[in-house]
Amino acid sequence: MQLALTDEESAFRDELRTFFTTEIPAEIRDRARRAELNWPDDVITAQRILNAHGLAVPGWPVEWGGKDWTTIQHQIWLDELQLACVPEPLNFNVKMVGPVIAEFGSQALKERFLPATANLDIWWCQGFSEPDAGSDLASLRCTAVRDGDSYVVNGQKTWTTLGQFADWIFCLVRTDPQAPKKQAGISFLLFRVDTPGVTMRPIKLIDGGYEVNEVFFSDVRVPADQLVGQENHGWAYAKFLLGNERTGIAGVTRTKVALAEVKARAADSGLLTDPLFAARLVEAENELLALELTQARVAAGSADGKPNPASSVLKLRGSQLQQAATELLVEVAGPDALPFEAGDDLASPRWAQAAAPHYLNYRKTSIYGGSNEVQRNIISSTILGL
């Protein structure tokens with residue numbers, strides 16, 4: 001594996017770097033760096049600019065807006081996007097439902113949904129997890145019963161991230177309760193969140209924010225032509241989706257930006273001269289470098305474009321390092337991290353006030369996209385053959 005970029009790859013990187021730092025409004029990128037985006041407007045604005053220049057969905061098939069790039073070019077795109085603090089194209093659209101529709105959907109579904117999904121004219125949310133079916137997703141109980149030209153959906157989903165902004169939901173439902181294997185009776189449905197019978201309720205998180213929801217379905221009628229692929233084949237589509245979701249989930253460059261802030265704040269406060277703190281920071285930077293090299297190796301070895309089981313390694317270690325960066329920033333903030341949304345009237349700076357909520361919020365990274373315990377199981381069975 002060659003770690004240094006070729007001249008062509010360096011030119012490609014520089015072109016993207018210039019675009020991201022000049023075409024995406026600086027105020028949006030600054031808010032993204034501070035984790036203070038104006039939701040959903042900043043995300044929509046950024047994605048539509050990217051899409052207008054053919055840079056929103058490079059991983060899709062070329063005929064639907066994707067790019068005929070090498071795996072290294074795809075990695076450079078993601079790295080430079082994160083380095084510039086550009087709000088990333090909405091995962092639910094770009095890495096989840098879009099690739100599933102492109103791979104398994106009918107031509108009619110592709111034409112209906114893919115352009116709007118790429119341009120964020122439709123904001124999608126994910127209906128996978130249930131109160132008793134999170135990591136064990138195959139145990140889901142939300143049902144869809146065929147009734148003429150419709151499916152009638154009943155049940156509940158939870159942890160539906162950013163569902164309060166969503167127009168549509170892609171939902172795993174049980175269409176054959178009698179299937180010999182529980183994975184075999186699941187289907188993949190698309191429907192609007194304002195369909196009669198859909199109720200969305202916010203879940204307040206430990207950081208005080210409103211990011212996730214629980215969703216209830218009561219006799220929700222969904223047109224049968226909004227089924228993706230074949231009935232009872234949804235488990236295969238879900239595995240495909242989760243493999244795409246975990247690609248890039250390591251967030252290496254985002255963590256680089258976070259650790260750079262930690263180092264700058266620690267230098268200002270004098271904490272960087274503490275040998276114990278400095279050792280922890282250096283350890284995190286070294287671990288991040290190792291992860292970056294692993295990510296490059298995975299990208300170089302994924303020539304067929306299929307989800308790589310090594311993405312579980314990236315997800316596992318990446319989430320741990322993201323959490324480590326938030327922990328270090330809280331330590332730098334010290335007592336100034338204690339006030340919450342106190343504003344500018346206190347001596348505690350706003351970055352320090354945000355440190356503790358960010359720390360609390362980032363506990364989620366070891367859960368979403370498949371918990372780290374599940375990733376260890378995948379690594380042991382698929383990669384190590386245990």
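Which residues in α10 meet which residues in α12? I took this up as the opening entry, working from a predicted model.

**Entry 1: α10 and α12**

I listed the contact from both sides. From α10, the residues are S312, V313, K315, L316, S319 and Q320; from α12, they are N372, Q375, R376, I378, I379 and I383. Sorted by class, this contact of α10 with α12 holds 5 nonpolar, 5 polar and 2 charged residues.

I then looked up the geometry, since two packed helices are described by the angle between their axes and the distance between the axes. Helix α10 spans residues 311-333 and helix α12 spans residues 372-383. Their axes come within 9 Å and cross at roughly 145°. I noted the crossing of α10 past α12 as left-handed.

**Entry 2: L271**

Where does L271 lie? I placed L271 in the loop between α8 (252-269) and α9 (275-300). Setting aside neighbours within four places in sequence, I found L271 in contact with A266, F277, E331 and V332. For V332, I recorded a separation from L271 of 61 residues in sequence, against a C-alpha to C-alpha distance of 6.9 Å in space.

**Entry 3: strand β4**

I turned to β4, residues 168-174, and checked how far the strand is covered. Of its 7 residues, 7 are buried. On one side these are W168, F170, L172 and R174, and on the other I169, C171 and V173, so I entered both faces of β4 as covered.

Which strands pair with β4, and in what sense? Strand β1 (residues 124-127) pairs with β4 in the parallel sense, over 4 bridges. In this pairing I found G127 opposite C171. Strand β5 (residues 186-192) runs antiparallel to β4 and is joined to it by 7 bridges. Here W168 stands opposite R192.

**Entry 4: cysteines**

How many disulfides does the whole structure contain? My search returned 0. A disulfide is a covalent bond between the sulfur atoms of two cysteines, and the cut-off applied to the sulfur pair is 2.5 Å.

Why is C125 without such a bond? The closest cysteine sulfur, in C171, is 8.6 Å from the sulfur of C125, and this is too far for a bond. C125 counts as buried because its relative accessibility is 0%.

I next checked C171, which is likewise in no disulfide. The cysteine sulfur nearest to that of C171 belongs to C142, 4.8 Å away. C171 has a relative accessible area of 0%, and I therefore entered C171 as buried.

Terms used:
Residues numbered from 1 in each chain as written. Predicted model: local features only at pLDDT ≥ 70, side-chain atom pairs only at ≥ 80, totals over all residues. Heavy atoms only, no water. Axes fitted to C-alpha atoms, helices over the stretch in contact; angles between N-to-C directions. Helix = DSSP H or I, 4+ residues; strand = E, 2+ residues; numbered from the N terminus. Left-handed = near helix turned anticlockwise from the far one by under 90°. Contact = heavy atoms within 4.5 Å. Nonpolar A, V, L, I, M, F, W, Y, C, P; charged D, E, K, R; others polar. Buried < 20%, exposed > 50% of the residue type's maximum accessible area, 1.4 Å probe, protein only. Pairing = 2+ DSSP bridges.
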